[in-house]
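Reader: I should like to request a close look at a single part of this structure, namely the open sheet and what packs upon it. Please set that part in the context of the whole chain as well.

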Amino acid sequence: MARILIAEDEHRIASFLEKGLRANGFATVVVDDGHAAAAAARDSDFDLVILDLGLPGQDGMDALAEIRRRGDRLPVIVLTARDAVPDRVKGLERGADDYVTKPFSFEELLARVRARLRDTGKEEVTQLRAGGLVLDLRTRRATIGSRTVELSAREYALLEVFLRHPDHVLSREQLLSHVWGYDFDPGSNIVEVYVRYLRRKLGEHVIETVRGMGYRVSARAEPSTGPDDGRST
Ligand code: CA
(Lines give C-alpha, C1' and ligand atoms only; values in the text may rest on other atoms or scores of the structure.)
Protein backbone atom coordinates (compact mmCIF):
# COMPACT_ATOMS: atom_id res chain seq x y z
CA MET A 1 0.00 0.00 0.00
CA ALA A 2 1.47 3.34 -1.03
CA ARG A 3 1.98 5.84 1.82
CA ILE A 4 1.22 9.49 1.24
CA LEU A 5 2.25 12.44 3.38
CA ILE A 6 -0.29 15.28 3.27
CA ALA A 7 1.13 18.65 4.36
CA GLU A 8 -1.85 20.99 4.53
CA ASP A 9 -2.83 23.40 7.30
CA GLU A 10 -6.39 23.98 6.13
CA HIS A 11 -8.30 21.33 8.03
CA ARG A 12 -11.16 21.05 5.55
CA ILE A 13 -8.81 20.32 2.64
CA ALA A 14 -6.56 17.98 4.66
CA SER A 15 -9.51 15.86 5.73
CA PHE A 16 -10.97 15.89 2.20
CA LEU A 17 -7.65 14.57 0.89
CA GLU A 18 -7.23 12.06 3.66
CA LYS A 19 -10.71 10.59 3.28
CA GLY A 20 -10.46 10.38 -0.49
CA LEU A 21 -7.00 8.84 -0.53
CA ARG A 22 -7.86 6.30 2.14
CA ALA A 23 -11.02 5.33 0.28
CA ASN A 24 -8.79 4.67 -2.70
CA GLY A 25 -6.49 2.36 -0.82
CA PHE A 26 -3.67 4.68 0.21
CA ALA A 27 -2.23 5.07 3.69
CA THR A 28 -2.01 8.72 4.75
CA VAL A 29 -0.40 10.91 7.39
CA VAL A 30 -1.36 14.58 7.76
CA VAL A 31 0.95 17.33 9.04
CA ASP A 32 -0.05 21.00 9.18
CA ASP A 33 3.30 22.73 9.39
CA GLY A 34 6.28 23.16 7.03
CA HIS A 35 8.95 21.98 9.48
CA ALA A 36 6.88 18.92 10.33
CA ALA A 37 6.49 18.20 6.61
CA ALA A 38 10.22 18.20 5.94
CA ALA A 39 10.89 16.16 9.09
CA ALA A 40 8.21 13.58 8.29
CA ALA A 41 9.49 13.25 4.72
CA ARG A 42 12.96 12.59 6.16
CA ASP A 43 12.08 10.27 9.02
CA SER A 44 9.34 8.14 7.64
CA ASP A 45 9.01 6.00 4.58
CA PHE A 46 6.58 7.78 2.26
CA ASP A 47 5.98 7.12 -1.41
CA LEU A 48 4.67 10.59 -2.21
CA VAL A 49 4.08 14.01 -0.63
CA ILE A 50 1.16 16.36 -1.25
CA LEU A 51 2.51 19.71 -0.20
CA ASP A 52 0.53 22.90 0.31
CA LEU A 53 2.67 25.97 -0.35
CA GLY A 54 1.09 28.23 2.27
CA LEU A 55 2.09 26.46 5.48
CA PRO A 56 2.95 27.89 8.90
CA GLY A 57 6.42 27.23 10.32
CA GLN A 58 8.27 27.26 7.04
CA ASP A 59 6.33 27.59 3.84
CA GLY A 60 5.90 24.66 1.47
CA MET A 61 8.53 25.97 -0.91
CA ASP A 62 11.18 25.96 1.80
CA ALA A 63 10.09 22.53 2.97
CA LEU A 64 10.44 21.30 -0.61
CA ALA A 65 13.90 22.87 -0.91
CA GLU A 66 14.90 21.12 2.31
CA ILE A 67 13.64 17.75 1.06
CA ARG A 68 15.52 18.16 -2.22
CA ARG A 69 18.71 19.43 -0.54
CA ARG A 70 18.96 16.07 1.13
CA GLY A 71 18.90 14.52 -2.32
CA ASP A 72 15.57 12.88 -1.66
CA ARG A 73 13.77 12.04 -4.93
CA LEU A 74 10.43 11.46 -3.18
CA PRO A 75 7.66 12.58 -5.60
CA VAL A 76 6.12 15.87 -4.46
CA ILE A 77 2.83 17.29 -5.73
CA VAL A 78 2.39 20.92 -4.79
CA LEU A 79 -0.98 22.49 -3.97
CA THR A 80 -1.13 26.11 -4.86
CA ALA A 81 -3.68 28.88 -5.28
CA ARG A 82 -4.71 29.50 -8.85
CA ASP A 83 -3.36 33.03 -8.80
CA ALA A 84 0.08 32.04 -7.49
CA VAL A 85 1.69 31.39 -10.87
CA PRO A 86 5.13 32.84 -9.98
CA ASP A 87 5.18 30.41 -7.02
CA ARG A 88 4.60 27.55 -9.38
CA VAL A 89 7.58 28.52 -11.49
CA LYS A 90 9.72 28.75 -8.36
CA GLY A 91 8.41 25.37 -7.21
CA LEU A 92 9.40 23.76 -10.48
CA GLU A 93 12.94 25.04 -10.06
CA ARG A 94 13.02 23.62 -6.57
CA GLY A 95 12.00 20.20 -7.72
CA ALA A 96 8.24 19.77 -7.42
CA ASP A 97 7.06 16.93 -9.65
CA ASP A 98 3.61 18.26 -10.31
CA TYR A 99 1.04 20.92 -9.38
CA VAL A 100 -2.59 21.05 -8.57
CA THR A 101 -4.19 24.46 -8.30
CA LYS A 102 -6.84 25.14 -5.72
CA PRO A 103 -9.74 24.64 -5.91
CA PHE A 104 -9.29 21.16 -7.33
CA SER A 105 -11.48 18.11 -7.69
CA PHE A 106 -10.46 14.91 -5.99
CA GLU A 107 -10.50 13.18 -9.36
CA GLU A 108 -7.84 15.55 -10.68
CA LEU A 109 -5.60 15.14 -7.67
CA LEU A 110 -6.00 11.36 -7.67
CA ALA A 111 -5.05 11.15 -11.35
CA ARG A 112 -1.85 13.03 -10.60
CA VAL A 113 -1.04 10.95 -7.55
CA ARG A 114 -1.48 7.80 -9.60
CA ALA A 115 0.63 9.14 -12.44
CA ARG A 116 3.50 10.01 -10.08
CA LEU A 117 3.30 6.64 -8.34
CA ARG A 118 3.24 4.89 -11.69
CA ASP A 119 6.49 6.65 -12.56
CA THR A 120 8.05 5.07 -9.48
CA GLY A 121 6.42 1.68 -10.04
CA LYS A 122 4.22 1.87 -6.94
CA GLU A 123 0.84 1.74 -8.57
CA GLU A 124 0.31 -1.46 -10.48
CA VAL A 125 -3.44 -1.93 -10.53
CA THR A 126 -4.56 -1.37 -14.11
CA GLN A 127 -8.09 -2.77 -14.06
CA LEU A 128 -11.04 -2.67 -11.71
CA ARG A 129 -13.74 -5.33 -11.96
CA ALA A 130 -17.21 -6.01 -10.72
CA GLY A 131 -18.53 -9.22 -12.23
CA GLY A 132 -18.82 -8.73 -15.97
CA LEU A 133 -17.92 -5.04 -15.78
CA VAL A 134 -14.26 -4.07 -16.22
CA LEU A 135 -12.77 -0.57 -16.08
CA ASP A 136 -9.34 -0.15 -17.63
CA LEU A 137 -7.43 2.54 -15.75
CA ARG A 138 -5.00 3.14 -18.58
CA THR A 139 -7.35 3.45 -21.53
CA ARG A 140 -10.17 4.81 -19.29
CA ARG A 141 -12.65 2.60 -21.12
CA ALA A 142 -15.22 0.28 -19.62
CA THR A 143 -16.01 -3.17 -20.93
CA ILE A 144 -19.26 -4.88 -20.10
CA GLY A 145 -19.54 -8.41 -21.38
CA SER A 146 -18.02 -8.16 -24.85
CA ARG A 147 -18.98 -4.51 -25.32
CA THR A 148 -16.46 -1.68 -24.96
CA VAL A 149 -17.86 1.63 -23.76
CA GLU A 150 -16.26 5.07 -24.12
CA LEU A 151 -16.69 7.29 -21.06
CA SER A 152 -16.43 11.01 -20.49
CA ALA A 153 -13.98 12.14 -17.78
CA ARG A 154 -16.75 12.51 -15.16
CA GLU A 155 -18.44 9.26 -16.08
CA TYR A 156 -15.10 7.51 -15.76
CA ALA A 157 -14.40 9.11 -12.38
CA LEU A 158 -17.82 8.19 -11.06
CA LEU A 159 -17.59 4.60 -12.27
CA GLU A 160 -14.11 4.31 -10.79
CA VAL A 161 -15.40 5.30 -7.35
CA PHE A 162 -18.13 2.66 -7.59
CA LEU A 163 -15.71 -0.04 -8.69
CA ARG A 164 -13.26 0.75 -5.92
CA HIS A 165 -16.09 0.15 -3.46
CA PRO A 166 -18.00 -2.82 -4.85
CA ASP A 167 -21.17 -3.65 -2.89
CA HIS A 168 -20.88 -0.46 -0.81
CA VAL A 169 -23.80 1.93 -0.76
CA LEU A 170 -22.33 5.32 -1.67
CA SER A 171 -24.31 8.40 -0.76
CA ARG A 172 -24.85 11.29 -3.10
CA GLU A 173 -22.61 13.42 -0.84
CA GLN A 174 -19.78 10.87 -0.93
CA LEU A 175 -19.97 10.68 -4.70
CA LEU A 176 -20.09 14.47 -5.01
CA SER A 177 -17.00 14.97 -2.91
CA HIS A 178 -15.07 12.16 -4.61
CA VAL A 179 -15.80 13.15 -8.15
CA TRP A 180 -16.67 16.84 -8.06
CA GLY A 181 -14.41 18.04 -5.29
CA TYR A 182 -14.99 20.01 -2.14
CA ASP A 183 -16.40 23.01 -3.94
CA PHE A 184 -19.54 21.23 -5.07
CA ASP A 185 -22.96 22.67 -4.51
CA PRO A 186 -24.64 20.24 -2.07
CA GLY A 187 -28.01 20.92 -3.68
CA SER A 188 -26.81 19.88 -7.10
CA ASN A 189 -28.46 16.94 -8.89
CA ILE A 190 -25.29 16.26 -10.89
CA VAL A 191 -24.84 12.80 -9.34
CA GLU A 192 -28.30 11.71 -10.49
CA VAL A 193 -27.56 13.06 -13.95
CA TYR A 194 -24.29 11.14 -14.26
CA VAL A 195 -25.70 7.94 -12.80
CA ARG A 196 -28.32 8.17 -15.56
CA TYR A 197 -25.55 8.63 -18.19
CA LEU A 198 -23.71 5.57 -16.90
CA ARG A 199 -26.86 3.47 -16.85
CA ARG A 200 -27.59 4.48 -20.39
CA LYS A 201 -24.13 3.34 -21.47
CA LEU A 202 -23.68 0.27 -19.29
CA GLY A 203 -27.20 -0.99 -18.68
CA GLU A 204 -29.90 -0.05 -16.21
CA HIS A 205 -29.10 -2.82 -13.76
CA VAL A 206 -25.42 -2.00 -13.28
CA ILE A 207 -25.97 0.81 -10.78
CA GLU A 208 -28.59 0.00 -8.19
CA THR A 209 -30.51 2.75 -6.37
CA VAL A 210 -30.76 2.13 -2.63
CA ARG A 211 -33.72 4.25 -1.66
CA GLY A 212 -32.93 7.05 0.76
CA MET A 213 -29.27 6.01 0.98
CA GLY A 214 -27.54 6.22 -2.35
CA TYR A 215 -26.24 3.94 -5.07
CA ARG A 216 -24.42 0.67 -5.28
CA VAL A 217 -22.59 -1.36 -7.90
CA SER A 218 -22.78 -5.05 -7.12
CA ALA A 219 -19.51 -7.00 -7.19
CA ARG A 220 -21.46 -9.53 -9.24
CA ALA A 221 -22.68 -7.05 -11.86
CA GLU A 222 -23.49 -9.14 -14.91
CA PRO A 223 -23.63 -8.00 -18.49
CA SER A 224 -27.21 -7.77 -19.65
CA THR A 225 -28.49 -10.16 -22.27
CA GLY A 226 -30.19 -7.57 -24.44
CA PRO A 227 -28.99 -4.23 -25.78
CA ASP A 228 -29.31 -1.47 -23.20
CA ASP A 229 -28.29 1.41 -25.39
CA GLY A 230 -31.09 3.79 -26.02
CA ARG A 231 -33.40 2.14 -23.55
CA SER A 232 -35.36 4.85 -21.79
CA THR A 233 -34.49 5.56 -18.17
CA1 CA B 1 -2.37 26.66 3.53
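Author: What follows describes the sheet strand by strand, then the helices that pack on it, and then the remainder of the chain.

The model is a predicted one. Its protein chain averages a pLDDT of 85, and 86% of the residues score at least 70. The chain contains eight helices and eleven strands.

The part in question is an open sheet of four strands, arranged in the order 6-7-8-9 with antiparallel pairing. Strand 6 (127-130) and strand 9 (147-150) occupy the edges; each has a single partner strand, so one side of each is left without a neighbour in the sheet. On average, and with direction ignored, neighbouring strands of this sheet are turned by 20° against each other.

The pairing at the strand 6 edge can be followed residue by residue. Strand 6 and strand 7 (residues 133-136) run antiparallel and are joined by four bridges. Within this pair, Leu-128 stands opposite Leu-135 of strand 7, and Arg-129 stands opposite Val-134 of strand 7. The two strands form a hairpin with two residues between them. In the turn of this hairpin, Gly-131 adopts a positive phi of about 55°.

The side chains of strand 6 show how the two faces are divided. In a regular strand, side chains alternate between the two faces of the sheet. Strand 6 displays such an alternation: Leu-128 and Ala-130 point to one face and are buried, whereas Gln-127 and Arg-129 point to the other face and are not buried.

At the other end of the sheet order, Gly-145 is found in the loop between strand 8 and strand 9. With a relative accessibility of 40%, Gly-145 counts as partly exposed. Gly-145 and Leu-133 are twelve residues apart in sequence, and their C-alpha atoms are 6.7 Å apart in space.

Two helices are associated with this sheet. Helix 6 (residues 153-164) lies across strand 6, strand 7, strand 8 (141-144) and strand 9, and runs at about 120° to strand 7. Helix 8 (residues 190-202) also packs on the sheet, where it touches strand 7, strand 8 and strand 9. The direction of helix 8 makes about 150° with that of strand 9.

A further hairpin occurs later in the chain. Strand 10 (residues 207-210) and strand 11 (residues 214-217) run antiparallel and are joined by four bridges. In this pair, Thr-209 of strand 10 has Tyr-215 of strand 11 as its bridge partner. Three residues lie between strand 10 and strand 11 in the hairpin, and Gly-212 in the turn has a positive phi of about 75°.

Earlier in the chain there is a metal site. The calcium ion is coordinated by Asp-9 (OD), Asp-52 (OD) and Gly-54 (O), at 2.2 to 2.4 Å. The sequence spacing of these donor residues is D-x42-D-x1-G. Asp-9 lies in the loop between strand 1 (3-7) and helix 1 (11-23), and Asp-52 lies in strand 3 (residues 48-52), so the pair ties together parts that are 43 residues apart in sequence. Asp-9 counts as partly exposed, at 35% relative accessibility, while Asp-52 is buried, with a relative accessible area of 5%.

Thr-28, in strand 2 (residues 27-31), offers a further point of detail. Thr-28 is buried, at a relative accessible area of 8%. Its side chain makes a polar contact of 2.8 Å with that of Arg-22 and another of 3.4 Å with that of Glu-18. Beyond four places in sequence, the contacts of Thr-28 are with Ile-4, Ile-6, Glu-18, Leu-21 and Arg-22.

For the chain as a whole, 50% of the 233 residues count as buried. Among contacts with a separation of 6 or more, 61% join residues 24 or more positions apart.

Finally, confidence varies along the chain. The mean pLDDT is highest in strand 3, at 96, and lowest in helix 4 (residues 85-93), at 66. Over residues 225-233 the pLDDT stays under 50, and for this stretch the model has 14 contacts beyond four places in sequence.

Notes: Residues are numbered from 1 along each chain as its sequence is written. This is a predicted model: local features need pLDDT of at least 70, side-chain atom pairs count only at pLDDT 80 or more; totals for chains, interfaces and linings use all residues. Side-chain values use heavy atoms; hydrogens and water are left out. Donors are N, O and S atoms within 2.8 Å of the metal (3.2 Å for Na, K and Ca); water is not among the atoms, so sites may look incomplete. Buried means under 20% relative accessible area, exposed over 50%, partly exposed in between (1.4 Å probe, protein chains only). Two strands pair if DSSP finds at least two bridges between them. Axes are lines fitted to C-alpha atoms, for helices over the stretch in contact, and angles run from 0 to 180 degrees between N-to-C directions. Contact means heavy atoms within 4.5 Å. pLDDT is the predictor's confidence in each residue, from 0 to 100. A polar contact is a pair of N or O atoms within 3.5 Å; within protein, one must be able to donate a hydrogen and the other to accept it, and residues adjacent in sequence count only if both atoms are side-chain atoms.
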